[in-house]
Amino acid sequence: MADAQPQMSLFAVTANAATEPARPWKAGLFGCFSDCGTCLVAYYCPCFVFGQNMERIGAGKSGCCMYCLALTFTGGIGNLCLHTIGRGNLRAKYNIEGSCIGDCCTVAFCGLCAHVQEKREIDEMGKVGQA
């Protein structure tokens, strides 16, 4: 029987147990044009990219639906909160430097670039076996 991996809730931001200091992002925020496919998908359907990212870091499979509902019913405020929490989860999982305030500002002013950066970061971590 295969070992079941623990599921992380989208809202459960847990600190990385690593003793190493937090590292910078490997993928730059404005490097989104180096991945034009994801850039286009994030522009036309950001909920899809968000959902994929959250599923890949183990935060569940409902990210896309939650993102769309938050965007539809809260006029973007719920989306801002949801994406900020998801970005914090990603940073915690991969021990990336930053803060909740920084995540919130990044999502508020460069949300689409943030989606692409997060996807590229997850892709990079998958190459080194940490995804």
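Reader: How many helices and strands are there in the protein?

Author: There are five helices and zero strands. The model is a predicted one. Read along the sequence, the pattern is α-α-α-α-α.

Reader: What share of the residues count as buried?

Author: Of the 131 residues, 42% count as buried.

Reader: And how are the contacts spread along the chain?

Author: Take the contacts with a separation of 6 or more. Residues 24 or more positions apart account for 75% of them.

Reader: Let's read one helix. Which residues of α1 are buried?

Author: Start with the general idea. An α-helix has 3.6 residues a turn, so residues three or four places apart point the same way. Now the case here. Helix α1 spans residues 36–44, and Thr-38, Cys-39 and Ala-42 are buried in it. These three cover an arc of only 105° around the axis, which puts them on the same side of α1.

Reader: Which exposed residues does the face turned away from the buried side carry?

Author: That face of α1 carries Leu-40, Tyr-43 and Tyr-44.

Reader: Why does Leu-40 count as exposed?

Author: Leu-40 has 51% relative accessibility. The cut-off for exposed is over 50%, so Leu-40 passes. Its C-alpha atom is separated by 9.5 Å from that of Val-116, 76 residues apart along the chain.

Reader: What do the buried residues of α1 pack against?

Author: They pack against two helices, α2 (46–56) and α5 (100–127).

Reader: At what angle do α2 and α5 pack?

Author: The angle is about 30°, and the axes are 10 Å apart. The crossing of α2 past α5 is left-handed.

Reader: Which residues make the contact?

Author: From α2 come Pro-46, Val-49, Phe-50, Asn-53 and Arg-56. From α5 come Leu-112, His-115, Glu-118, Lys-119, Ile-122 and Asp-123. By class, the contact has five nonpolar, two polar and four charged residues.

Reader: Now the cysteines. How many disulfides does the structure hold?

Author: The general idea comes first. A disulfide is a covalent bond between the sulfur atoms of two cysteines. This structure holds zero disulfides. Take Cys-100: its nearest cysteine sulfur, that of Cys-104, is 6.5 Å away. The cut-off is 2.5 Å, so this pair does not qualify.

Reader: Is Cys-100 buried or exposed?

Author: Cys-100 is exposed, with a relative accessible area of 54%.

Reader: And why does Cys-39 count as buried?

Author: Cys-39 is at 18% relative accessibility. Buried means under 20%, so Cys-39 counts as buried.

Notes:
Residues are numbered from 1 along each chain as its sequence is written. This is a predicted model: local features need pLDDT of at least 70, side-chain atom pairs count only at pLDDT 80 or more; totals for chains, interfaces and linings use all residues. Side-chain values use heavy atoms; hydrogens and water are left out. Buried means under 20% relative accessible area, exposed over 50%, partly exposed in between (1.4 Å probe, protein chains only). Helices (H or I, at least four residues) and strands (E, at least two) are DSSP runs, numbered from the N terminus. The arc is that of the directions from the helix axis to the C-beta atoms. Contact means heavy atoms within 4.5 Å. Axes are lines fitted to C-alpha atoms, for helices over the stretch in contact, and angles run from 0 to 180 degrees between N-to-C directions. A crossing is left-handed if the near helix is turned anticlockwise from the far one by less than a right angle, and right-handed if clockwise. Ala, Val, Leu, Ile, Met, Phe, Trp, Tyr, Cys and Pro count as nonpolar, Asp, Glu, Lys and Arg as charged, and the others, Gly among them, as polar.
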